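Dear colleague,

I am handing over the structure we spoke about, and you will find the sequence and the coordinates just below. After them I have set out what was found, grouped by region, so that you can follow along with the model open.

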Amino acid sequence: MTGYRNVNDGVMAAAGGRHVDLVAVSKFHPYEAVMDAYADGARIFGENRVQELREKFPPKGERPEGMKLYLIGQLQRNKVKKAVEWVDRIESVDSIPLIDKIEAECASIGSTMDVLLEFNSSGEEQKSGFRSGEELLLAADHIVSSCGHIVLKGLMTVGPLGGDEARIREAFTAAKELFDALRTAVQTATVLSMGMSEDWPIALTCGSDEVRIGTAIFGERNYG
Ligand SMILES: *Cc1c(COP(=O)(O)O)cnc(C)c1O
């Protein structure tokens with residue numbers, strides 16, 4: 001049993017007919033939990049470590065019908081090859097050297113990769129993501145002008161953790177403004193990914209197109 005159906009019903013009701021994707025974040029949960037959620041209707045899964053996702057999920061092309069796998073955690077350059085072989089999208093792209101590495105690995109195997117650029121909307125030091133809108137838009141330009149094997153799909157952000165509603169709303173509003181600028185500049189950039197178990201209702205009111213939810217679907221993670 002997972003909470004997928006309840007969470008999905010809640011998200012779809014709050015979206016009010018607007019198309020919103022629900023990414024079921026299965027990190028630290030076993031593949032049996034993934035398959036339970038799949039049976040409940042989940043199709044997109046999110047993981048944050050390359051090694052874990054390769055051990056857990058079958059390779060692309062051998063997964064259950066319609067199942068997609070997104071990488072949502074920080075990616076080191078030396079793991080890019082292993083990531084692009086296994087995932088359908090990388091949502092945590094946060095530097096130009098990382099972009100260049102993804103481009104090179106995809107070019108070498110003749111494939112393309114969908115990516116989101118991650119924005120550090122809360123300004124928290126320990127968070128990953130581009131620190132300013134200017135830097136993020138420069139990275140977007142770089143993809144469009146020099147990366148034939150990358151499709152820029154949009155922007156991802158993680159809100160301030162444990163923040164009060166006003167701070168969360170401020171961060172999500174900043175992300176939405178930057179996303180609007182990105183979408184104007186790049187036609188393929190149509191997805192704004194923000195909202196997790198604690199803050200997805202706020203994210204939806206701020207214009208999110210995709211929420212990434214783990215705990216509310218699968219329960220607490222056991223990091224032990
Ligand atoms: C773990 C994680 C989530 C899901 O977090 P929950 O609070 O369990 O819903 C979403 N996005 C990212 C980037 C994560 O690392």
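Which residue is the bridge partner of valine 23 in E2? In E2, valine 23 is bridged to isoleucine 44. Please keep in mind while reading that this is a predicted model, and that every value below was computed from it.

**The strands around E1**

Strand E1 covers residues 21-25 and pairs with E8 in the parallel sense, over 4 bridges. E1 is also joined to strand E2 (residues 44-47), again with the two running parallel, and here the number of bridges is 3. Valine 23 takes part in both pairings, since its partner in E8 is arginine 212, while its partner in E2 is isoleucine 44, as said above. Another pair between E1 and E8 is formed by leucine 22, which stands opposite valine 211.

As for its surroundings, E1 has 4 of its 5 residues buried, so E1 is largely enclosed by the rest of the structure. Strand E8 (residues 210-213) is covered on both faces, with Glu210 and Arg212 buried on one side and Val211 and Ile213 buried on the other. That division of E8 can be read against a general rule, namely that in a regular strand the side chains alternate between the two faces of the sheet.

**Phenylalanine 28 and tyrosine 38**

Following the chain onward, phenylalanine 28 lies in the loop between E1 and H2. Its phi angle is near 70°, which is a positive value in a residue other than glycine, and with a relative accessible area of 28% phenylalanine 28 is partly exposed.

Tyrosine 38 belongs to helix H2, which spans residues 31-39. Is tyrosine 38 buried or exposed? Its relative accessibility is 15%, and because the cut-off for buried is under 20%, tyrosine 38 counts as buried. If neighbours within four places in sequence are set aside, the residues in contact with tyrosine 38 are Arg43, Phe45, Pro64, Glu65 and Met67. Tyrosine 38 can also be placed relative to tyrosine 4, from which it is 34 residues apart in sequence and 8.7 Å apart in space, taken C-alpha to C-alpha.

**Two loop positions**

Glycine 61 has its place in the loop between helix H3 (50-56) and strand E3 (68-71), and with a relative accessible area of 81% glycine 61 is exposed. Its C-alpha atom is separated by 9.5 Å from that of tryptophan 86, and the two residues are 25 residues apart along the chain.

Glutamate 125 is found in the loop between E5 and H6, where it counts as exposed at 66% relative accessibility. Between the C-alpha atoms of glutamate 125 and arginine 54 there is a separation of 29 Å, and along the chain these two are 71 residues apart.

**Strands E4 and E5**

Strand E5 (residues 113-119) is mostly covered, with 6 of its 7 residues buried. Strand E4 (residues 89-93) runs parallel to E5 and is joined to it by 3 bridges, and in this pairing arginine 89 stands opposite aspartate 114 of E5.

**Helix packing: H5, H6 and H7**

Helix H5 (residues 96-109) and helix H6 (residues 133-146) have axes that come within 10 Å and cross at roughly 25°, which makes H5 roughly parallel to H6. The crossing of H5 and H6 is right-handed. On the H5 side the contact is made by Ile96, Ile99, Asp100 and Glu103, and on the H6 side by Ala139, His142, Ile143 and Ser146. Sorted by class, this contact of H5 with H6 has 4 nonpolar, 2 polar and 2 charged residues.

H6 also packs with helix H7 (residues 165-185), their axes coming within 11 Å and crossing at roughly 25°, and H6 and H7 are therefore roughly parallel to each other. Their crossing is right-handed. H6 contributes Gly133, Leu136, Leu137 and Ala140 to this contact, and H7 contributes Leu178, Ala181 and Leu182. The residues in the contact of H6 with H7 divide into 6 nonpolar and 1 polar, with no charged residue.

With best wishes

Key: Residues numbered from 1 in each chain as written. Predicted model: local features only at pLDDT ≥ 70, side-chain atom pairs only at ≥ 80, totals over all residues. Heavy atoms only, no water. Axes fitted to C-alpha atoms, helices over the stretch in contact; angles between N-to-C directions. Parallel < 35°, antiparallel > 145°, perpendicular 65-115°, else oblique. Left-handed = near helix turned anticlockwise from the far one by under 90°. Contact = heavy atoms within 4.5 Å. Nonpolar A, V, L, I, M, F, W, Y, C, P; charged D, E, K, R; others polar. Buried < 20%, exposed > 50% of the residue type's maximum accessible area, 1.4 Å probe, protein only. Pairing = 2+ DSSP bridges.
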